[in-house]
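Please go through this protein model with me and, for each label that is attached to a part of it, explain what the label rests on.

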Amino acid sequence: MSDIQNPPAGWSLSQFKAVCADVGSWTWGTVQGAFNEKASITQIVVDAVIGMIPLVGDATAVRDLIAVVIGLADDEEKRNSTWQWVLLVVLLFALIPVLGGVVKGVGRIIVKVAQEAAHLAGAARMAHMAAGAKEVVEFLNRIGVKNAEKWLLALRVSDHLEPLVGKFTHLMVTLDTIMVKSRSKVAGMFPSLAKRIDSLRAGLIKVREKGKEMIPTAVKELDQKLREIQAYIRSGGETTSRLALHEVATGQKLATRADERRLVEEGVLPVRNSRGGFNQNPANPLKPAMVEKYYKPALGYPDLLRVDPSTKQYNSVAAFSGKMVNRQLKDGEQVYRFFGPPRTTHGTTVDEAWAGGGWWGVGQPPKTAKEWREVAAVLDSFNGDGFYVSARVVGNKGPKAVVGTISEQFGDKIPGQYLPGGGTQAFFLLDSGFKDILNQVGHDFANGVKTSKIVDPHTGLELTFYSTGWTDANGIWGYLRAPGTTTIQTARVGSREQATKHNEQVVIHP
């Protein structure tokens, strides 16, 4: 049986072999020898689980379901983790005909979003959950669920507790039966393998017993996270997301529904357009009333009403979408800024980006180059990446900043790039002497000099330097096609540099 000749219906031979290879590595661990026997038992296990899943060819569900069960059997810490059981419940939905495959997909997204949101608080958490709700609806639309929002609002995980317990029990009995039969065949010749089977059986018994307690708990937990997503859908979807962005910018949660309604009616929230990006703020000095709706300078804060001589626009105002807030960064608040050496991208020279600039992201630094480029709307021509400085405010001397949502950006020096924005940014000015120190330390760090944490005595910022390690930060994200000669059109853009932004007519690919 180790030489697979006939994979299950709906599966290709390579697909079946790949899943068996993964399952075998988790199941047998360091057990030496008995290659054919281990492969044979593995195939029996995989084939049995495949037979329990109504959706033909769902390789991911098969592999992940077995992986979670083996993990629970081998690790007591996992058996006591509610999130491990929530994941198992999500995967058990794959065993339920018709409805199960859809709920499994929704559940995976909810688990991912909820685990990420657990590390956030306040408005940032709200914004993340709002984005998660949108991701769920997009998934449902993509797989053809009619009226996705209505379907999602009607879903109750707790309604399926009984069939989930039944499927779990069936799975445990099936796996134990396979282990009993397999042990009887290998006990005399392969004692090491028999010992591992005994260990697995003992673990599976513990999983089955623990499941009586944890599956109802996990269903309740998953239902609660689902209700949070549903609350976002009920409260207005995109409007709620825009309110959340405003709360991140202000650093304060809106107290009442009346406050929310006032902001919506005033029209100062960030607006997402048909491209999926966030509209740039009006920035024409000849229309002060339009500009003032979104931004007013304040004493002691940076003044962004500086006209660019080439565009005759307030470039820095156009770099924001929605209300721009003058506020002091608070104790414990985190900001970050990317920097790096000069480089060439798509044949265009990109100047060195410095650590001591005026434009900073607010919150946790992006985890991927894609997130950084798209959400922070950092064009390839602005910054070549490589490194970033993360800063935390300590005390009550935080920088006085202009804070708001990042607007969309179009490529200029490197045509064809479009980045939607939507993150939160702050503009503030450091003391000139400390700024020079920060630039030099960042430059040295980028050139291999080890750097410890440094502190700005004027603002209380504690700054730590990191290397991104990204290999996909340049020339990739935001292009519909590679830069080259083709039909062109013009668009107005707010371009970001170290301490100024330029609003220019630029050439972009359609």
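Q: How many helices and strands does the protein chain have?
A: In this predicted model, the protein chain has 16 helices and 14 strands.

Q: What share of the protein chain is buried, and what makes a residue count as buried?
A: A residue is called buried when its relative accessible area is under 20%, and residues of this kind make up 49% of the 510 residues in the protein chain. The chain exposes about 23600 Å², of which carbon and sulfur atoms supply 53%.

Q: Which residues touch the most other members of the largest nonpolar core, and which helices supply it?
A: Of its 59 residues, Trp 85, Leu 88, Leu 92, Leu 140 and Leu 152 touch the most other members. Helices that each supply at least two residues include H3 (59-74), H5 (82-92), H7 (122-142) and H9 (161-186), while H10 gives the most, with 14 residues.

Q: What is Leu 140 in contact with, once its neighbours within four places in sequence are left aside?
A: Leu 140 is then in contact with Val 102, Val 106, Val 145, Ala 148, Trp 151 and Leu 152, where contact requires heavy atoms within 4.5 Å. A second, separate core of 24 residues includes Leu 329, Ala 353, Phe 428 and Leu 438.

Q: Why do strand E1 and strand E11 count as standing at the edges of the sheet?
A: The open sheet has 8 strands in the order E1-E7-E10-E5-E2-E6-E12-E11, with antiparallel pairing. Strand E1 (320-328) and strand E11 (454-455) each have a single partner strand, so one side of each is left without a neighbour in the sheet, and they are therefore placed at its edges.

Q: How do you know that strand E7 and strand E10 pair?
A: Pairing requires at least two bridges between the strands, and E7 (residues 400-406) and E10 (residues 424-427) are joined in the antiparallel sense over 4 bridges, so the requirement is met. Within this pairing, Gly 404 stands opposite Gln 425 in E10.

Q: What does helix H16 touch where it packs on the sheet?
A: Helix H16 (residues 432-446) touches strands E2 (334-339), E5 (359-362), E6 (387-393), E11 and E12 (461-467), and its direction makes about 20° with that of E12.

Q: Why is the pair of Asp 176 and Arg 201 called a salt bridge?
A: The cut-off is 4 Å between a side-chain nitrogen of Lys or Arg and a carboxyl oxygen of Asp or Glu; the closest N and O atoms of Asp 176 and Arg 201 are 2.7 Å apart, so the pair qualifies. The two residues link distant parts of the chain, with Asp 176 in helix H9 and Arg 201 in helix H10, 25 residues apart. The structure holds 15 salt bridges.

Q: What makes Glu 221 partly exposed but Lys 225 buried?
A: Partly exposed covers values between the limits of 20% and 50%; Glu 221, at 27%, is therefore partly exposed, whereas Lys 225, at 14%, counts as buried. These two residues form a salt bridge whose closest N and O atoms are 3.7 Å apart, and, being 4 residues apart in helix H10, they are separated by about one helical turn. Salt bridges that share partners join Glu 221, Lys 225 and Glu 228 into one network.

Conventions:
Residues numbered from 1 in each chain as written. Predicted model: local features only at pLDDT ≥ 70, side-chain atom pairs only at ≥ 80, totals over all residues. Heavy atoms only, no water. Core = buried A, V, L, I, M, F, W, Y, C linked by side-chain atoms within 4.5 Å. Buried < 20%, exposed > 50% of the residue type's maximum accessible area, 1.4 Å probe, protein only. Axes fitted to C-alpha atoms, helices over the stretch in contact; angles between N-to-C directions. Areas by Shrake-Rupley, 256 points an atom, 1.4 Å probe, with all protein chains shown as cover.
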